[in-house]
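The following exercises concern domain contacts, chain contacts and strand pairing. Each task is followed by a worked solution.

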Amino acid sequence: MTYGVEIYDSVGNVKLTSENIVIRGIFTFLVSSNSSGTISVPDFDESKGFISINVGGLGTVEISYSFNNSTKVFSWNSSGGDAIVSFFNVA
Amino acid sequence: MKVYNSQGQVSLDDSSQCLKLSDSGSVSPFIAPDENRTMYEYSVNVTIPDSTRPYLFCVKSDFDRMSLARASYNVSDTGTLNIDFFFSSEFGGPKYYRLYTSFDFLTYNTNTNYGLKLFDSDGNASYDSRVPEAILEDFLNVGTSEGIITHKAINTPWYAMNLFPIAWSSQPVVGGSVFFTRGLVQRSSTETEILYFPHLFTEAPATQTVDPFPSAVPMVTSLGLD
């Protein structure tokens, strides 16, 4: 290892290395059923992260979405039930 | 404090916390298969410290077909989020799970005395290496179709099932209909299959298909835990 830091536990196992790709939870919000709109997520970097969608309850989710990494605006159009949108950065 | 990796990217930043292990354990099924049901059903109740921050609810692969059935949410007045995750598996044995959240270190207990701890200007811990971090192994870029997804070699994936994009369909059969759920199954260390599998039989005739939507499902590990 030529960059970063490593931290060991009492028996010599590596507990942290800065070469790991860690996940940072940036923001999450609820998209209501049958809705459309936009929201700004300034701390999210799509080139280094990912967006996940999952259901927000019992309803079926049908959703289309996009993220503009220049303006940091997330847009959605949902024709189904509630959805939860989560933004993660990785590095 | 920031630490950069060999690619010049920030890999440690106590001002922007990574997801940390906040709960783990195993759970036994509360419903077993019967003449109308093919899968074991599991339920886990977890608490998320901050309802505005994403989290990862990871389930260990046993080379079994798994799907997320549903999640019931309850936001408290204090901003915490209580969730009941319901997921299905054909395994039947205890299923191991890990929950990663963003949280401060005020309430975290550990019996380890080795590591690195950083403090903010108020004297509160802003980083503690003794708490296992969520390390990304690879993604499943789950699209709208079924099929094999090839990924980095991982012997035992922990799939972030809370991010799996649920979809289902029902098809008529003699005497009723079969409810199919979209889920995943590990096929090898480098392959995971996205597929629909029969889940329930009902006597009610039904034909319905829900258009699946795409989503990223990370596979997560932590140093020292596997």
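The exercises below treat one chain's domains, then the chain interface, then a sheet.

This is a predicted model, in which local features need pLDDT of at least 70, side-chain atom pairs count only at pLDDT 80 or more, and totals for chains, interfaces and linings use all residues. Residues are numbered from 1 along each chain as its sequence is written, while chains are lettered from A and ligands numbered from 1 in the order in which they are written.

**Exercise 1.** Describe how the two domains of chain B meet.

Step 1. Chain B splits into domain 1 (2-135) and domain 2 (144-213), with bounds from an automatic or database domain assignment.
Step 2. Their C-alpha centres are 23 Å apart.
Step 3. Domain 1 of chain B brings 21 residues to the contact and domain 2 of chain B brings 20 residues; contact requires C-beta atoms, placed from the backbone, within 7 Å.
Step 4. On the domain 1 side, β5(B) gives the most, with five residues. Strands are DSSP runs (E, at least two residues), numbered from the N terminus.

**Exercise 2.** State how many residues of chain B are in contact with chain A.

Step 1. The contact joins 43 residues of chain B to 40 residues of chain A.
Step 2. Elements giving two or more residues to the chain B side include β11 (135-142) and β18 (215-221) of chain B.

**Exercise 3.** Determine the strand order of the open three-stranded sheet in chain A.

Step 1. The order is β4-β7-β6 (chain A), with antiparallel pairing; pairing needs at least two DSSP bridges between two strands.
Step 2. β4 (36-40) and β6 (63-68) of chain A are the edge strands.
Step 3. β4(A) pairs with β7 (residues 73-78) of chain A over five bridges.
Step 4. A:Ile39 has A:Phe74 as its bridge partner in β7(A).

Methods: Two residues are in contact if their C-beta atoms, placed from the backbone, lie within 7 Å. Helices (H or I, at least four residues) and strands (E, at least two) are DSSP runs, numbered from the N terminus.
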